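Please find below a colleague's note, set out as numbered points, to be read alongside the sequence and the coordinates.

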Amino acid sequence: MSAVLAPAAGIGAAGDVLPHLDWLESEAIHILREVVAETTNPALLFSGGKDSIVMLRLAEKAFRPDRFPFPLVHIDTEHNFPEVVAFRDARAAELGERLVVRSVGESIRLGRVRLRSADESRNPHQTVTLLDTIREFGFDALFGGARRDEEKARAKERILSHRDETGQWDPRNQRPELWSLFNARLHKGEHLRVFPISNWTELDIWQYIAREELAVPRIYFAHEREVVERGGLLAPVTPLTPAHEGETVVTRRVRFRTVGDITCTCPVASDADTVEKIVAETAAATVTERGATRMDDQTSDASMELRKREGYF
Amino acid sequence: MGTGETLREFTTLRFTTSGSVDDGKSTLIGRLLLDSKVLLEDQLAAVARTTARNGADGLDLSLFTDGLTAEREQGITIDVAWRYFATPRRRFIIADTPGHEQYTRNMVTGASTASLSIVLADAARGLATQTRRHAAIASLLAIPHVILAVNKMDLAGWSRERFDAIAGEFAGIARSLGLARVTAIPLSALEGDMVVSRGENLSWYAGPTLLEALEAASPVDPVTALRFPVQLVSRSRFGEKADRRAYLGRVESGTIAVGDTVVVRPSGVEAKVAEIVTLEGTLEAAGAGRSLSVVLDRQVDVARGDILTHRHDAPAVARRFTARLAWLDRDALVTGRRYWLKQGTKSVRATVDDVLHRLDLASLTPDASAQALEFNDLGLARLTVASPLAVDPYRANRHTGSFVLIDDATHRTVAGGMVEEVARD
Ligand SMILES: Nc1nc2c(ncn2[C@@H]2O[C@H](COP(=O)(O)OP(=O)(O)O)[C@@H](O)[C@H]2O)c(=O)[nH]1
């Protein structure tokens, strides 16, 4: 038997040696470089949110002093916070990289997306615009900033997630990922979603933002904002999301933990007005990121998985 | 949990968990997370709701690791699920893999990146056939440390004799498999004894709790041989004395330093390291796990797929070798057919010339009469690659000794491979 499975001598796993942020960073750089080497037309999804800000930093680490070997792409719901959109444009310009923006609003105007009601969240509809954009440019790999700790359905996601010609994700038909050997082979019309920061947690993201001294949109920091209490969450009051009948508008000191679509993203009560305070607050958090901030995921445990199957990020 | 400064110096332990169905693996992970106080209010509330909907009281701890809809409907885990948690001492990544017979594939996947494996056993039922298989996979994938978690001690009357008997039997298996480091821990995932807190029922046991064992698991002796597989070549930089190109990659093992003479494998040409570059500036030296760029002191021919190493411990360059294969695809292995083989950053055409044996998973004995490998089989095979490859035996280096086979028609990853013996050409 021992001849069949002989003992192992001195096996070093990288994760054991490097401090954890360095290890996460090096892993992400490795993934970015592998996929750039093995695909022909990749792109990086950049929304102006914290995860994609970290992704841009990792792209700098992977490829500077060269230009990024891919454009930045944003699928804009046109329901984004203006501070975040302004940040997105400023950051892309500062890096001197090409930014492609395609909007869900355009898909609606073209009739590619039909809303059931005008104030319905546009988040799920990003899928149509995203797949149209992939076809328009012929992208074969899209880097995204999703993390496995965000949500149960994400916990089983591969780092390279394979999508068929219709953009669909089949959780039963994903390629096994062994060691750090990624299989990026594709048939015509297929593409990959690639998640280099799969192994990061919300706390890692903030620690990295602190360490790298990265700028983030102002609404991540504590500020005064008009909100209403709704279903245990604080819903922001904006022209797009007015208070409902009978709700009382109050001004609270809040910050956003995620900065998605205005119609479904809620801030949390907070006094954290520096990155260091956010790190401390995140380390002590008692509610998950999505639980505290997302109205659209609460309907059912499985809602994220359904959207993923249909081609969502 | 501390703030940025303290956590920054943490290291990560990646571990895998396996057990046969109903040994209590999901409950154990739930207990570990609950008692480490890393579960948050909304997660607790969601599990409490589902527990009540299922007609039970309190918290069903097994629900925390539960994932996709189809699995929830079938009530089973069918894939690798990744879990993250940190204690004040360490950060952990769990690869949670199922124990069903047909899912060797997932177990091998989860084990490939783990430095520790928790193998579960049921104290009341003793070691199952599958427990042996889990230990065999830990050995095959060269996981340096195995913890035998003898669960459900409450159902075995918290009996020391029972634990000793199971631990003793497992020690025999571990010896025959060549597992170097084994820690056996009696515990009850349901009651919590010896998972995070010591509890009151196992006072005869003096060893570490499960969490203590995980926090203390030491990094194994690092591999000292330098292996730097080149991922990309950047052509737009650097001064005149040096090679104007930079080689982008990650140090997979060993250390690289400015001034080192490095050998390019497989070509064999040599050059000195002129600079090690990162976004922050240049480094004098860098160790395993670091992504960086290397500039050499003269112009040499280096491409993606090449490996930079030191002359004194360079890997063998070969076209033929034997390897253990874990067959991961529903389409069985066809000997003589061409597959893509990816090792490090290199992809080459490969054929599996013949199957030397297939491991009988029940008895763990090799069956030399086997002609092919099918879904979830483990075996030993002889391979030939179309162009020379710089490889190490897997036991000497987990990075340069591992590869995957990819079907050139379906593009599926069909096998994981571990180099056994390299034929010098
Ligand atoms: N008595 C007892 N039951 C346990 C213990 N751990 C798990 N169980 C029960 O064993 C059953 C299977 O547990 P589960 O965690 O779902 O097993 P898995 O299939 O290995 O994930 C459940 O009914 C658990 O409540 C334990 O330590 N003691």
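The points below take up one chain as a whole, then two helix pairs, and then a single strand residue.

1. It should be said at the outset that this is a predicted model, and the remarks that follow are to be read as descriptions of that model. Chain A, taken as a whole, contains ten helices and ten strands, and of its 313 residues, 65% count as buried.

2. As regards the contacts and surface of chain A, residues 24 or more positions apart account for 73% of those contacts that have a separation of 6 or more. The area that chain A exposes is about 11,400 Å², with carbon and sulfur atoms supplying 51% of that figure.

3. Within chain A, helix H2 (residues 20–38) packs against helix H7 (residues 202–212) at an angle of about 95°, and their axes are 11 Å apart. Since angles from 65 to 115 degrees count as roughly perpendicular, H2(A) and H7(A) are therefore described as roughly perpendicular to each other. On the H2(A) side, the contact is formed by His20(A), Leu21(A), Asp22(A), Leu24(A) and Glu25(A), while H7(A) contributes Asp204(A), Gln207(A), Tyr208(A), Arg211(A) and Glu212(A). Sorted by class, the residues of this contact between H2(A) and H7(A) comprise three nonpolar, two polar and five charged.

4. In chain B, the axes of helix H5 (residues 104–112) and helix H6 (residues 129–140) come within 10 Å and cross at roughly 40°. That angle is neither under 35 degrees nor in the 65 to 115 range, nor over 145, and H5(B) and H6(B) are therefore oblique to each other; the crossing of H5(B) and H6(B) is right-handed. The residues that meet are Thr104(B), Met107(B), Val108(B) and Ala111(B) from H5(B), with Arg133(B), His134(B) and Ile137(B) from H6(B). The contact of H5(B) with H6(B) divides into four nonpolar residues, two polar and one charged.

5. Turning to a single position, Val233(B) lies in strand S7 (residues 228–234) of chain B. Is Val233(B) buried or partly exposed? Because buried means under 20% relative accessible area, Val233(B), at 23% relative accessibility, counts as partly exposed.

6. If residues up to four places away in sequence are left aside, Val233(B) touches Arg245(B), Ala246(B) and Tyr247(B), and also Val302(B), Ala303(B) and Arg304(B). For one of these partners, Arg304(B), the C-alpha atom is separated from that of Val233(B) by 6.9 Å, although the two residues are 71 residues apart along the chain.

Methods:
Residues numbered from 1 in each chain as written. Chains lettered and ligands numbered in written order. Predicted model: local features only at pLDDT ≥ 70, side-chain atom pairs only at ≥ 80, totals over all residues. Heavy atoms only, no water. Axes fitted to C-alpha atoms, helices over the stretch in contact; angles between N-to-C directions. Helix = DSSP H or I, 4+ residues; strand = E, 2+ residues; numbered from the N terminus. Left-handed = near helix turned anticlockwise from the far one by under 90°. Contact = heavy atoms within 4.5 Å. Nonpolar A, V, L, I, M, F, W, Y, C, P; charged D, E, K, R; others polar. Buried < 20%, exposed > 50% of the residue type's maximum accessible area, 1.4 Å probe, protein only. Areas by Shrake-Rupley, 256 points an atom, 1.4 Å probe, with all protein chains shown as cover.
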